[in-house]
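Please walk through this structure with an eye to its overall form, its elements and the contacts between them.

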Amino acid sequence: MSRNNVIWLAVVLVAAGVGWFVGGWKIALVAAAIGLVVSEVFERRARAARSVD
């Protein structure tokens with residue numbers, strides 16, 4: 001696993017933990033899903049920036 005993947009995994013887990021604490025498992029799932037979407041957006045933007053010469 002790359003360093004960026006570990007960082008995003010930690011962000012998603014923390015978001016899910018906070019969601020669990022605030023509103024239970026449904027909010028935890030929503031928070032984790034949002035974290036995954038945001039990480040994918042950042043990853044695609046970074047990949048696009050690397051491929052442009």
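Of the 53 residues of the protein, 15% count as buried, and since the coordinates come from a predicted model, this share, like every other value given here, is a computed one. The accessible surface of the protein comes to about 4400 Å², and 71% of that surface belongs to carbon and sulfur atoms.

The protein holds two helices and zero strands. Its radius of gyration is 13 Å, well over the 10 Å that the globule rule gives for 53 residues, so the protein is more spread out than a compact globule. Taken along the principal axes, the box filled by the C-alpha atoms of the protein is roughly 45 × 20 × 10 Å.

Helix 1 takes in residues 3-23, which is 21 residues, and from its first C-alpha to its last it reaches 30 Å, close to the 30 Å expected at 1.5 Å a residue. Within helix 1, the residues Val-12, Ala-16 and Gly-19 are buried. These residues cover an arc of only 60° around the axis, which puts them on the same side of helix 1. The face turned away from this buried side carries exposed residues, namely Arg-3, Leu-13, Val-14, Phe-21 and Val-22.

Val-22, a member of helix 1, deserves a closer look. With a relative accessible area of 65%, Val-22 is exposed, because the cut-off for that class is over 50%. Between Val-22 and Leu-9 there are 20 Å in space, C-alpha to C-alpha, for a separation of 13 residues in sequence. Gly-17, also found in helix 1, is partly exposed, with a relative accessible area of 38%. Gly-17 and Leu-29 are 12 residues apart in sequence, and their C-alpha atoms are 9.6 Å apart in space.

Just after helix 1 comes Gly-24, which takes a positive phi of about 95°. Helix 2 (25-51) follows in the numbering; it has 27 residues and reaches 39 Å from its first C-alpha to its last, close to the 39 Å expected at 1.5 Å a residue. In helix 2 the buried residues are Ala-28, Ala-31, Ala-32, Gly-35 and Ser-39.

What, then, covers the buried residues of helix 1? The cover includes helix 2, and in turn what covers the buried residues of helix 2 includes helix 1.

A further link between the two helices is found in the side chains, where the structure holds one aromatic pair. The rings of Trp-8 and Phe-42 have their centres 5.5 Å apart and their planes at 35°, so the pair is tilted. Trp-8 lies in helix 1 and Phe-42 in helix 2, so the pair ties together parts that are 34 residues apart in sequence. As for how far each partner is open to solvent-sized probing, Trp-8 is partly exposed, with a relative accessible area of 23%, and Phe-42 is partly exposed too, with a relative accessible area of 46%.

Read together, these points describe a predicted model with two helices, in which each helix contributes to covering the buried residues of the other, and in which the pair of Trp-8 and Phe-42 ties helix 1 to helix 2.

Notes:
Residues numbered from 1 in each chain as written. Predicted model: local features only at pLDDT ≥ 70, side-chain atom pairs only at ≥ 80, totals over all residues. Heavy atoms only, no water. Helix = DSSP H or I, 4+ residues; strand = E, 2+ residues; numbered from the N terminus. Rg over C-alpha atoms; globule rule 2.2 N^0.38 Å. Buried < 20%, exposed > 50% of the residue type's maximum accessible area, 1.4 Å probe, protein only. Areas by Shrake-Rupley, 256 points an atom, 1.4 Å probe, with all protein chains shown as cover. Expected span 1.5 Å × (residues − 1). Arc of directions from axis to C-beta. Contact = heavy atoms within 4.5 Å. Phe/Tyr/Trp six-rings, centres within 6.5 Å; stacked < 30°, edge-to-face > 60°.
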